[in-house]
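Reader: Could you take me through one part of this protein in detail? I'd like a close look at the second largest pocket, and then whatever helps me place it among the buried parts and the loops.

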Amino acid sequence: MLVTVTYTPTDGQDATALGFLIYKHPAKVQTFSAPVGDIHVFYPEATPERCTVAMMLEVDPIALVRNKRFRGDAGALGHYVNDRPYVASSMLAVAIGTVFRTAMTGRSDSYPELAASALPLRIEIPVVSARGGGDGLVRRLFEPCGWTVEEQRIALDDAHPEWGDSRFSSVVLTGEVRLAEALRQLYVLLPVLDDAKHYWVGDDEIGKLERAGEGWLPAHPERELITRRYLLHQRALLETADAVLDERPTPLSQHRADAVLAALADVGAHRVVDMGCGPGALLARLVKDRAFSKIVGVDVSARSLEQAARMLQLAEASDAERERIDLLHGSVVYRDERLHGFDAMVLMEVIEHVDPSRLGALEDAVFASASPGSVVVTTPNAEYNALYPDLPAGTFRHDDHRFEWTRDEFRAWAEGVAGRHGYAVEFRPVGDADADLGAPTQLALFRKEVAA
């Protein structure tokens, strides 16, 4: 079994810093022993521009048979002759947890900011088993986590194409994801794809799922399927797991999307522009609500628009649905006649990525040119940063943020814009608020005033 993780930085960072995040030296080949076999970690390439770490699990079928926890195939021969040495499964997940345990925590003393940042990653898994779960299972599991998925079905026999495809696929994941989160997603989702585990599943699996799923599983649209398959459909465990996951704090990203949707409902918007839509997280929520008759996603990144199209499954959508949704290449700082006259425009965590010198252009493009009936803007509350223990004083929450406003600074900007363009503005906190420092995110809802 094999999995590779490639880091290709776009910001001038030395790619070999990946070794510090993985806690494995790029110049060494390391081998670790485990009940399922030997785990080899090595680097096929390690240059300042591109670095790849590979983990290969060399399965020992004899040791597996002798291991009392092994859940083998029925029949004596089936223990020895099967696809397990080649297909990514719970064995590979255990290997990831064994050799990348520290990396999965997201801790790095040498590169703390890099460990906390989303990185441009490419993960390749030559063979996975997509057992049951309906069509597009790989995409349904990984795309909501921010990955672009390339899946190639593997033929039963290349010499006999008429036999069709097997249930196995090769998978490539690309996206900007924290390394720790990427590893934890693999740890959970590989056995979920296979819908099997090589060891007995007990109560301790709930704790593993809770820890590995932190930050991404509670809000995953396929959480129920993931939990059910990870716990091998054991009803008693599922009831406990659901209770545990439901007790976890709601992610700020979900609070933010909920607040935006509530604001759009308050203004009665039906035709909406998501400006700076990224890979489509908010678009996916908008599409599910039939109250929105026209949805437009705009982003400066063509790659993000491609990701959004895949997440929304536009290639498989009906003609009517494709008419309802548009994805446009554009920028928040340039006038665009295609965006004029919509009911509402959303700038969710967008404005802080704009250089302060370009805020005037943003104001002109959104409020003067597009001139929607309402505008919803969310942005971090800089005062709340003091409550993040891993965020050094004076730094921003994301490397690409050009600024972060206090509540007074945001209010001053929003009230100035509203006054200049004939809007009234209302401010709403987003997320769990601190009595002194406010909420982690601040929202401004602009409504166009009707002339008397």
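Author: Here's the pocket, followed by the cores, a few buried spots and some loop residues.

A quick word on the ground rules: this is a predicted model, with local features needing pLDDT of at least 70, side-chain atom pairs counting only at pLDDT 80 or more, and totals for chains, interfaces and linings using all residues. Residues are numbered from 1 along each chain as its sequence is written, and side-chain values use heavy atoms, with hydrogens and water left out.

The second largest pocket holds about 180 Å³ of space. A pocket here is an open set of points on a 1 Å grid over the protein atoms alone, where a 1.4 Å probe fits, with protein on both sides within 12 Å along at least five of seven lines; lining residues have an atom within 4 Å of a point. The volume is the space filled by probe spheres set on the points, which are joined across faces, edges and corners.

Who lines the pocket? Among them are Asn381, Arg407, Asp408, Phe410, Arg411, Phe427 and Gln442. Helix H17 (407–421), strand E13 (423–430) and strand E14 (441–448) each give two or more residues to the lining, and H17 gives the most, with 4. (Helices are DSSP runs of H or I with at least four residues, strands are E runs with at least two, and both are numbered from the N terminus.) By class, the lining has 4 nonpolar, 4 polar and 4 charged residues. Ala, Val, Leu, Ile, Met, Phe, Trp, Tyr, Cys and Pro count as nonpolar, Asp, Glu, Lys and Arg as charged, and the others, Gly among them, as polar.

Now for the cores. The largest nonpolar core has 69 residues, and Met55, Phe100, Phe142, Trp147 and Val188 touch the most other members. Helix H8 (residues 179–194) gives the most to this core, with 10 residues. Apart from it lies another core, of 31 residues, including Leu328, Leu347, Ala370 and Tyr423. A nonpolar core is a set of buried Ala, Val, Leu, Ile, Met, Phe, Trp, Tyr and Cys residues joined through side-chain atoms within 4.5 Å; buried means under 20% relative accessible area, exposed over 50%, partly exposed in between (1.4 Å probe, protein chains only).

Ser169 is a buried spot that isn't nonpolar: Ser169 sits in strand E7 (residues 165–177) and counts as buried because its relative accessible area is 0%. The side chains of Ser169 and Glu151 are joined by a polar contact of 2.9 Å. That term covers a pair of N or O atoms within 3.5 Å; within protein, one must be able to donate a hydrogen and the other to accept it, and residues adjacent in sequence count only if both atoms are side-chain atoms.

Over in the loops, Ser371 lies between helix H16 (359–370) and strand E12 (374–380). Ser371 has a positive phi of about 50° although it is not a glycine, and at 17% relative accessibility it counts as buried. Tyr23 also isn't a glycine, yet has a positive phi of about 65°; Tyr23 is partly exposed, at 33% relative accessible area.

Arg290 is in the loop between helix H13 (281–288) and strand E9 (294–299), and is exposed, with a relative accessible area of 58%. A polar contact of 3.3 Å joins its side chain to that of Glu321.
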